[in-house]
Amino acid sequence: MSDGAVHCVVVTPEKTELDVRCDSLILPMYDGELGVYPGRAPMVGRLGFGLLKIKSAGKEDVWFVDGGFVQVTREAVQVLTDRVMRRDQIDRTAAEADLQKALEIKPTSPEASALRDRSLAAARAKIRLSSR
Amino acid sequence: MANIRQLDKRRKSVRNIRKITRTMELIATARFKKAMDRAAAATDYTKAITKIVQDLAKSGTDVTHPLLMPHESVKAVDMLVLTANRGLCGGYNGSVVRAALQKRAEIKEQADSGCTSVSGKRGISAFRFANVPVEKTYTEFDDQPSFDAVAKIADELISRYITGRIDRVDVAYTRFVSSSKQIPVVETLLPFSGIEVPQDDSAKGSKIRDDYEFLPSAAGILEEVVPASFRARLFKCFLDAAVSEQIARMVAMKSATENAGDLIKSLSRTFNRARQSKITQEIMEIIGGVEALG
């Protein structure tokens, strides 16, 4: 990352989806967005459900990221996520069904409640980002 | 006369079968290569996850998570059996089903078996034949299982395990060791043991140690890493099963083609012999007739 570019790698369990060099990028963290410029200090973070913006030569490439992690090392920014897709590929009806299902989970234990929150956040983010 | 015609007919039908089996072998080879590429592409994710876990462990975090903890008493055990949708692949389906049924009998002795889920039409009919009740069936997994579909199953299992409805999850599938060796196994996936934590890394004398910043905290990340690596692990099982199926089909069809070739050879020999003996007999008859006239 020392040559003034950010090396961004997006990996899903199926394959390496993206492997690009860019000027900077914005990551959707669990609690808000986080920008990465060349030379950022090493970091491991949890991703939320939101948009990954890759900026390169004045252009912005936007992807939807479905949770996961990011690891920033000296060499690269590695984004690990279950799913990565373009914004128009988000299936709104499926997300609404997921939301209903998540609402039906009874939070009887701390774990179940965490699971419920997580599913709710995922479904709501999808609905929000697909509507615009 | 009838014998010769019958032999010829039989030879023709064997030839047709050989054509079919050879084509199936070629298809299986192509699919095997594709499945293999997918399995290779999937290792990137596993490697990256392992690296994160290692970095977490290095930072002095205790690696604990509800999915990693065995339940005190094992009362309900879920079992997932991965078979193929189609046959003609030698002992592939049979051996997975056999291993699964054997394990299931063992489980029954100590605990109530929870849900038994079967993927693949062949497995479903085998379980029906064995009179084993199956709660869930999947037939959508072919030679290229999609992660989304597998993740749904994984999430379901995670929530059942965390909420305490089940105490163990076993998966029966064919593990891919190398292209010449695949073994049917029954593995316990939950409580999860797939996270390897390096005990002592200082011996490596690694160059510069990166001091990672953890957002939100090491424990918070771990909470996500464990389910993610469980999903990846289950996905790996599906990929292994898909690759093994294609190899099994390739091998089965190759030997079927060879056997058909042998059969054609021996049929041709009998056919030629029968034809020759018929000709000889006719000549003898003609000579006999000429002699009688003369």
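# Exercises on a two-chain model

With a relative accessibility of 36%, B:Lys236 counts as partly exposed, a class that lies between buried (under 20% relative accessible area) and exposed (over 50%), as found with a 1.4 Å probe on protein chains only. The model is predicted, so that local features need pLDDT of at least 70 and side-chain atom pairs count only at pLDDT 80 or more, while totals for chains, interfaces and linings use all residues. Residues are numbered from 1 along each chain as its sequence is written, chains are lettered from A and ligands numbered from 1 in the order in which they are written, and side-chain values use heavy atoms, with hydrogens and water left out.

**Exercise 1.** Find the salt-bridge partner of B:Lys236 and state how far apart the two residues are in helix α5 of chain B.

*Solution.* Begin with the rule, by which a salt bridge is a side-chain nitrogen of Lys or Arg within 4 Å of a carboxyl oxygen of Asp or Glu. The partner is B:Asp240, and the closest N and O atoms of the pair are 3.5 Å apart. Because B:Asp240 and B:Lys236 are four residues apart in helix α5 of chain B, about one helical turn separates them; helices here are DSSP runs of H or I with at least four residues, strands are runs of E with at least two, and both are numbered from the N terminus. As a last step, compare the surroundings: B:Asp240 is buried at 5% relative accessibility, whereas B:Lys236 is partly exposed.

**Exercise 2.** Identify the parts of chain B that the salt bridge between B:Glu156 and B:Lys136 ties together.

*Solution.* The two side chains meet with an N to O distance of 3.4 Å. B:Glu156 belongs to helix α4 (residues 147-162) and B:Lys136 to strand β3, so this bridge ties together parts of chain B that are 20 residues apart in sequence. B:Glu156 is partly exposed at 34% relative accessibility, and B:Lys136 is partly exposed at 32%.

**Exercise 3.** Describe how chain A and chain B meet, beginning with the residues in contact and going on to the salt bridges across the interface.

*Solution.* Counting as contact any heavy atoms within 4.5 Å, one finds that 30 residues of chain A are in contact with 36 residues of chain B. The buried area, which is the accessible area (1.4 Å probe) that two parts lose on being put together, summed over both, is about 2,900 Å² between the chains, with carbon and sulfur atoms giving 60% of it. Of the area that chain A buries against chain B, 23% is supplied by A:Glu14, A:Val44 and A:Phe69, more than by any other three residues. The rule finds five salt bridges across this interface, and B:Glu213 and A:Arg40 meet in a salt bridge at 3.5 Å, N to O. On the side of chain A that touches chain B, two or more residues come from each of β5 (43-56), β6 (59-72), β7 (77-80) and α2 (110-131) of chain A. That side of chain A divides into 13 nonpolar, eight polar and nine charged residues, where Ala, Val, Leu, Ile, Met, Phe, Trp, Tyr, Cys and Pro count as nonpolar, Asp, Glu, Lys and Arg as charged, and the others, Gly among them, as polar.

**Exercise 4.** Work out which strands are joined to β4(B) by bridges, and in which direction each pair runs.

*Solution.* Two strands pair if DSSP finds at least two bridges between them. Five bridges join β4(B) to strand β1 (residues 76-82) of chain B, and this pair runs parallel, with B:Asp78 opposite B:Val169. Nine bridges join β4(B) to strand β5 (residues 181-190) of chain B, and this pair runs antiparallel, with B:Val169 opposite B:Leu190. β4(B) and β5(B) form a hairpin with two residues between them. Strand β4 of chain B (residues 168-178) is mostly covered, since eight of its 11 residues are buried. B:Arg168 lies in this strand and counts as buried at 17% relative accessibility.

**Exercise 5.** Locate the cis peptide bond that joins B:Leu190 to its neighbour, and a residue other than glycine with a positive phi in chain A.

*Solution.* Most residues other than glycine have a negative phi, and most peptide bonds are trans. The bond between B:Leu190 and B:Pro191 is cis, with omega about -5 degrees, and B:Pro191 lies in the loop between β5 and β6 of chain B. In chain A, A:Ala57 has a positive phi of about 50 degrees; A:Ala57 sits in the loop between β5 and β6 of chain A and is exposed at 66% relative accessibility.
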